[in-house]
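Biologist: I should like to request a close look at a single part of this model, namely one pair of helices and a residue belonging to it. Please give a connected account, and add some further local details afterwards.

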Amino acid sequence: MLSVSRSISRRCRPGVLVSSLSLKKNSGVIEEEVGFPTSHYYAHSYRYRAQSTISFDAAAYFSNSPSSSTTMPNDRRHNNLASSNNNNNNISIEHQYTRQQAENQIHQWIKNNPLIAPYKAEECLAKLWVEQQQIFDDWAATSQSSSAAASAAASSSPPILITPNTVNLCISAWCYSKKGQIAAERAQRLLNWMENLQSSSSISQFASLLPQPNYQSYALAIEAWSQAAVIESSKGSATNNNSKAIPDATKVGFNCAKRAEDLLMRMQAKHEEFQRLSETNRDYYPYHSELQPDTNVFNKVLMGWSQIRGGTKASAIRAMRILDLMQELHHHQSSDVPSWQGIGLSKVQPNLHTYKCVIYAWGHASHTLEGPDRAEEILRHMLSISKAGNNLGQEVLPDEECFHIVMKAHAELVRRRGRGDISNADRARQVTDLLNWMELLAVRRTKPKIEPNTESYRIALSAWAWSHHIDAPKQVEEILFRMIRACELNRNKMRDIENGLGSKDSSVTTLAVTPETKDFNTIINCCSFARGVGVPKDEFDDEIKLSQQLALKETYDVAEGVLEALLSFPYAQPDSATFAGMIRACVNLLPDTNERDVRVIDLFRLAYQSPNTAVKSLVRPERLQVPAGGGCVDANVLRQLRYALPTEEYIRIREEFEEHRRNNSRK
């Protein structure tokens, strides 16, 4: 008989997967029978092979057993296995302790080193399976004898070393390993192995005692495929949104998400099959919906479809079909399951996370123009069912993240289309409408409370800045001042709470809206690049030119007003990008006159006299950063100054700046 203490890896050739184990007494070899997926070895890298396997010493591994001798079975021990009922009980206790030790060890591997934990866990499981087969063989041999031990063995069952929890730990080890498609394939092989155990011919006598896949087994395998969809789709190069070709990494991620969905359908089919058998003969098939997929499992599949990098319209449609299936199953189950206080106790019921995944799938669906609109439709549907009431037993009112996903989808489509698209302004207005909607919900004090935060206003600012529309400067100015008013309102509420004048509300104890310097710079840059926007070509009429200059002057006034607001705002200070944008706005928006040169010089003097509050960058080259004593003047500000002034004026102002910098650097 093959000794259990022999290392299984010794029988493996490099580069060969040991797909199954079956003990043969006479030949003393391990051959393929049941389809057990043990840890694999790569022939191309012996160094990786050494890191991903363990040297398994059976006696040392189970040395903490409560028995005085080792708990690993041997021939002499199994020959006396059924000598008495007391011995049977002692052996069962010892083997139960062996299983617990193995499961605890797998937990430690997952916690300490998740990268190689699945390989170690599979090797440990393989050794338990070899030992289990030896127990079955010795138990069968004892039962066929004519001694008193045979009658005792016939009236009891052999010890079981492997339970569904043991195999689920190995599957979860693959989930934690983050190895993408490799981990998902190995997790599903473990699931398939458990399913095939019942049909194995070599152990048909004890098939009912062996582990069968449960809800956790399918849920972990589905989670592994969903994670693989995200990981594999992120391995490719950055997605080119302007290209119609779908990256290969996205295709691999799509296939992984489809495998997760197929596994979900397989789980649902098994549940329905067991349910039919139980209805036919409940005494022989006592089934109580243990394998029925619930909302958590459906959400795992939706995570795979929604989180694919460079997701397409096809992935969003598949996510939408999962949502439709959940709603159909909920409606079907609600009519059959009992209710508690008027709430149907259905296992499948779409929740906030469900709708959020579908919104994300449509919002990030590349190569299609209808994605943002479909995402907004789902968002409005959530608000409609929350107003009308629902029988889901839980609220599906969207939160700030749902609004942000839709707003970012519209803004990203504006950015991809670029300058000159007439529909960009419509998309930007849709983002503004969603922002207005959030402000209205904040006034209504919905529960849970929905109110715009800094990111909400920032998305609207970016959408209008990317639109390059003639009305963009005025729109971003309005949004910025709304942002400032919201910040002041929150701070006043906090001040009243500290003074004991207002009601203490956790929703206003944090600064949800706080404009930063980059928000002010967004408006200034939007104005500075507005030259030529909405200007007809080949028009030389004096009246048209005059109206254009007046429009550009209004745009510059917007940028100047934003600078003044920043200088007076107590929670943000200008930086070098602020003054570089203002000088660029002078050059692009004002006529080339002496008055413009005076404005540029005044802005430059204000720049080097303002304190620099920016943190020194470790990535940006030293020559491009603000020098010591230079205030907010860096290489970009000097470059814009050179473009704005004549040579003589530039040299004079530059010498003035260098003298100021040297004096300040000595202090």
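Modeller: The account below begins with the helix pair and then turns to individual residues. The model is a predicted one, and the description should be read accordingly.

The pair consists of helix H15, residues 400–417, and helix H16, residues 424–444, whose axes come within 9 Å and cross at roughly 165°. Because an angle over 145 degrees counts as roughly antiparallel, H15 is roughly antiparallel to H16. The crossing of H15 past H16 is left-handed.

On the side of H15, the contact is made by Glu-400, Phe-403, His-404, Val-406, Met-407, His-410, Ala-411, Leu-413, Val-414 and Arg-417. H16 contributes Asn-424, Arg-427, Ala-428, Gln-430, Val-431, Leu-434, Leu-435, Trp-437, Met-438 and Leu-441. Sorted by character, the residues of this contact comprise 13 nonpolar, four polar and three charged.

Helix H15 also holds Glu-412. With a relative accessibility of 25%, Glu-412 counts as partly exposed, because that class lies between the limit of 20% for buried and that of 50% for exposed. The side chain of Glu-412 is joined to that of Arg-415 by a polar contact of 2.3 Å. Along the chain, Glu-412 and His-364 are 48 residues apart, while their C-alpha atoms are separated by 9.2 Å.

A second glutamate, Glu-232, lies in helix H9, which spans residues 215–233. Glu-232 has a relative accessible area of 10% and is therefore buried, the class for values under 20%. A polar contact of 3.2 Å links the side chain of Glu-232 with the side chain of Lys-235. When residues up to four places away in sequence are not counted, Glu-232 touches Lys-179, Gly-180 and Gln-181, as well as Ala-249, Val-252, Gly-253 and Cys-256.

Two loop residues complete the account. Lys-178 is found in the loop between helix H7 (164–177) and helix H8 (181–197). The phi angle of Lys-178 is near 55°, a positive value in a residue other than glycine. His-468 lies in the loop that runs between helix H17 (454–467) and helix H18 (472–498). For His-468, phi is likewise positive, near 55°, and this residue too is other than glycine. His-468 counts as partly exposed, at 27% relative accessibility.

Key. Residues are numbered from 1 along each chain as its sequence is written. This is a predicted model: local features need pLDDT of at least 70, side-chain atom pairs count only at pLDDT 80 or more; totals for chains, interfaces and linings use all residues. Side-chain values use heavy atoms; hydrogens and water are left out. Helices (H or I, at least four residues) and strands (E, at least two) are DSSP runs, numbered from the N terminus. Buried means under 20% relative accessible area, exposed over 50%, partly exposed in between (1.4 Å probe, protein chains only). Axes are lines fitted to C-alpha atoms, for helices over the stretch in contact, and angles run from 0 to 180 degrees between N-to-C directions. Angles under 35 degrees count as roughly parallel, over 145 as roughly antiparallel, 65 to 115 as roughly perpendicular and the rest as oblique. A crossing is left-handed if the near helix is turned anticlockwise from the far one by less than a right angle, and right-handed if clockwise. Contact means heavy atoms within 4.5 Å. Ala, Val, Leu, Ile, Met, Phe, Trp, Tyr, Cys and Pro count as nonpolar, Asp, Glu, Lys and Arg as charged, and the others, Gly among them, as polar. A polar contact is a pair of N or O atoms within 3.5 Å; within protein, one must be able to donate a hydrogen and the other to accept it, and residues adjacent in sequence count only if both atoms are side-chain atoms.
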